[in-house]
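Let's take a walk through this protein together, one piece at a time. Have the picture in view and follow along.

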Amino acid sequence: RSTLFPYTTLFRSALADLSLLADEDVKWEDIYEAIKYMAKEVAFVEEYRGSQIPEGKKSIMIRIKIGNEDSTMTSKQIEKKTKGILKVLEKKTGVTLREE
């Protein structure tokens, strides 16, 4: 069972908020440039530093809109696209999904 999208449903497009863990020197623009071609929309939501975030890191929340123009997507397809975005982010910027 999927942890990101636990139900099998059909969507033309889907929004997802992703809380990311990034090194201090990673900028929002770096994240945007890495994945802008993979989603219909990529938007900055907030940046956070606090006791739950390791030293030298920050949390950046982004909102992505993914989907197909000509067909609906299943929850599995949405999850696959989201995982692909996370993989590219990690490779290009070192950013990972925040676990806490």
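Start with strand β3 (residues 41–48) and its neighbour β4: the two run antiparallel and are joined by 7 bridges. Keep in mind that what you're looking at is a predicted model. To see one spot where these strands meet, find Tyr48, whose bridge partner in β4 is Ser59.

Now look at what else pairs with β4. Strand β2 (residues 13–23) and strand β4 (residues 57–67) are paired over 11 bridges, again in the antiparallel sense. Here Ser59 turns up once more, since Leu21 stands opposite Ser59 in β4. Move along by a residue and you'll find Leu20, which has Ile60 as its bridge partner in β4. As a rule of thumb, side chains in a regular strand alternate between the two faces of the sheet.

So how many strands does the open sheet have, and in what order? There are 4 strands, ordered β3-β4-β2-β6, and the pairing is antiparallel. Because β3 and β6 (96–97) stand at the edges and have a single partner strand each, one side of each is left without a neighbour in the sheet.

What lies across this sheet? Helix α2 (residues 75–93) lies across β2, β4 and β6, and it runs at about 140 degrees to β4. For a closer look at this region, pick out Ala14, which sits in strand β2. Is Ala14 buried or exposed? Its relative accessibility is 11%, and because anything under 20% counts as buried, Ala14 is buried. Leaving aside residues up to four places away in sequence, Ala14 touches Ile64, Lys65, Ile66 and Ile78. Ala14 and Met73 are 59 residues apart along the chain, yet their C-alpha atoms are separated by 8.9 Å.

Step back to Arg12, in the loop between β1 (10–11) and β2. Arg12 has a relative accessible area of 44%, so it's partly exposed. Its contacts, not counting residues up to four places away in sequence, are Lys40, Gly67, Asn68, Glu69, Asp70, Ser71 and Thr72. Arg12 and Thr74 are 62 residues apart in sequence, but C-alpha to C-alpha they're 8.9 Å apart in space.

Next, the aromatic rings. A pair of them is described by the distance of the centres and the angle of the planes. Searching the whole structure turns up 2 aromatic pairs. One of them is Trp28 with Tyr32, a tilted pair with 5.7 Å centre to centre and 50 degrees between the planes. Trp28 and Tyr32 are 4 residues apart in helix α1 (residues 28–35), so about one helical turn separates them. Tyr32 has 32% relative accessibility, which means it counts as partly exposed. Add Phe44 to Trp28 and Tyr32, and you have one aromatic cluster.

Finally, zoom out to the whole chain. The protein has 2 helices and 6 strands, and reading along the sequence gives the pattern β-β-α-β-β-β-α-β. Of its 100 residues, 36% count as buried. The protein exposes about 6,500 Å², with carbon and sulfur atoms supplying 49% of that. And if you take the contacts with a separation of 6 or more, 74% of them are between residues 24 or more positions apart.

Note on methods
Residues are numbered from 1 along each chain as its sequence is written. This is a predicted model: local features need pLDDT of at least 70, side-chain atom pairs count only at pLDDT 80 or more; totals for chains, interfaces and linings use all residues. Side-chain values use heavy atoms; hydrogens and water are left out. Two strands pair if DSSP finds at least two bridges between them. Contact means heavy atoms within 4.5 Å. Axes are lines fitted to C-alpha atoms, for helices over the stretch in contact, and angles run from 0 to 180 degrees between N-to-C directions. Rings of Phe, Tyr and Trp (its six-membered ring) pair if their centres lie within 6.5 Å; planes under 30 degrees apart count as stacked, over 60 as edge-to-face and the rest as tilted. Buried means under 20% relative accessible area, exposed over 50%, partly exposed in between (1.4 Å probe, protein chains only). Accessible areas come from the Shrake-Rupley method with a 1.4 Å probe; for residues, only the protein chains shown count as cover.
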